[in-house]
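Trainee: Could you take me closely through the largest pocket of this model, with its volume, its lining and the elements that supply it?

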Amino acid sequence: MTETAVTDTTTTRTRAQHVPENLPSRIQHFIGGRFVDSVSGATFNVLDPVSNQTYATAAAGQKEDVDLAVAAATDAFVAGPWPRMKPRERSRILNKIADAVEAHDARLAELETFDTGLPITQALGQAKRAAENFRFFADLIVAQTDDTYQVPGSQINYVFRKPVGVAGLITPWNTPFMLESWKLAPALAAGCTVVLKPAEFTPLSASLWAEIFRSAGLPDGVFNLVNGLGEEAGDALVKHPDVPLISFTGETTTGQTIYRNCAANLKGMSMELGGKSPAVVFADADLEAALDSTLFGVFSLNGERCTASSRILVERPIYDDFCARYAARAQNIVVGDPHDPATEVGALVHPEHYAKVMSYVEIGKSEGRLLAGGGRPQNLPEGNYVSPTVFADVAPTARIFQEEIFGPVVAITPFDTDEEALELANGVKYGLAAYIWTSNLTRAHTFAQSIEAGMVWLNSHNVRDLRTPFGGVKASGLGHEGGYRSIDFYTEQQAVHVSLGPVHTARFGAH
């Protein structure tokens, strides 16, 4: 670790900033087993969110770079050993990848925190989850079974599963390393080769995959990485005719563009998009547990999470008490240096995103009653810091109720009946997650099944079981990943029919 003096020219204030040792100043593509620059030499600047100063330049991929990466991945798929390995052989390599991630989790977390502004304790948890993703799919691919159907004495029908080919993976800037593992692990487990296009705001941790994979014995060309802007590198990957699959995590408008661009080649798509998830707190809930969970649900990961419980619907009898206690807790959240283990909310990822979130904070001041936050912490005049912000009495027509903010901002709204709560919960275009707090078991299940959301947690925050499907409905996505659904996405299922005796066939033309 080094401490670098950063001077703010407007305040002439100097402070110490944590900068990881051996931080790269150049980030390259990784194509066919080699680190390379863009064919054109194009680059873009990468900022850290604490100083908002450039710390590295990254190769800016264009169509010709994507073409090279897809060609390398295609060659590795057609002529290389990876798709033809037995599941156990691939599983051993996936476990070695998990070992490498675990062995370097502190370094991974340090770099992730520097690049994204996530608190270091939460970044460390994401590194551990990345390792677990590889372990999970290493186990799953060995345990994978295929269907067999028998017509006694007549026919056996079985399903033969084979990898689809080159998978295009486009990942977001929030918890990037973990979310990259979420796609890389099942794609590789299934026997696909991949081209990864990470988010341009946070390319640092993605560049670490190349050495991790090489040390684990992944053959050259199986993993390829092209950095760049979404409208350039991402667009070229989506439109490439030799990429039959696209897995995308990001915001809904971009997802709609990808959907249209995939149509020309009838590509397989899996898209996890935006969210505006409700947490519904009934009067009979365990209030202390609900407070803990809803605070964590929207303010962890700096509020930059698709499943954030950013709308809290509270039953009228406990509404005032809930709001007061929630605001008091929010005011006590520690906002500060992402590398400080005491920090609970760090710096937002990029000044563009900071400006977006702050614009919603200003909108919210005319749409709700401000209970906490509402601006930048006074002790942090530099960097992309936003105080945890709480608005109460928010109408369902308000923009801060309807639109995804993706930051540490929450809207609280009262309800009087179960029917009103359900109408409020479903009254947005998104449908990713929902959270229900009640001690009434019948209400919990019936209410959960009526909510328009791909995932529901009862008396809990977002605690994942990797065997279950992950995905949303409405504007929150298309398709599901997780468990065998991920293997289904990255494989083709071919039905093979075997006759066990003579087959009666009508003899056309024989009379």
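Mentor: What follows describes that pocket and then sets the other spaces beside it. Bearing in mind that this is a predicted model, the largest pocket has a volume of about 950 Å³, and 37 residues line it, with Trp173, Phe248, Gly250, Glu251 and Thr254 lying nearest its centre. Four elements, namely α7 (230-239), β13 (245-249), α8 (252-263) and α11 (351-364), each supply at least two residues of that lining, and α8 gives the most, with 6 residues. Sorted by class, the lining of the largest pocket holds 13 nonpolar, 13 polar and 11 charged residues.

The second largest pocket, for its part, has a volume of about 300 Å³ and a lining of 17 residues, of which Phe35, Leu204, Ser207, Leu208 and Glu211 lie nearest its centre. Here β3 (26-27), α3 (105-116) and α6 (209-216) each supply at least two lining residues, and the classes come to 9 nonpolar, 5 polar and 3 charged.

Strand β13 also turns up at an enclosed space, since the second largest cavity, with about 130 Å³ of space, is lined by 14 residues, the closest to its centre being Lys183, Thr249, Glu272, Phe470 and Glu481. To the lining of this second largest cavity α5, β13 and β14 (268-272) each supply at least two residues, and by class that lining has 6 nonpolar, 5 polar and 3 charged residues.

Methods. Residues are numbered from 1 along each chain as its sequence is written. This is a predicted model: local features need pLDDT of at least 70, side-chain atom pairs count only at pLDDT 80 or more; totals for chains, interfaces and linings use all residues. Side-chain values use heavy atoms; hydrogens and water are left out. On a 1 Å grid over the protein atoms alone, a cavity is a set of points where a 1.4 Å probe fits but cannot get out, and a pocket is an open set with protein on both sides within 12 Å along at least five of seven lines; lining residues have an atom within 4 Å of a point. Grid points are joined across faces, edges and corners, and a volume is the space filled by probe spheres set on the points. Ala, Val, Leu, Ile, Met, Phe, Trp, Tyr, Cys and Pro count as nonpolar, Asp, Glu, Lys and Arg as charged, and the others, Gly among them, as polar.
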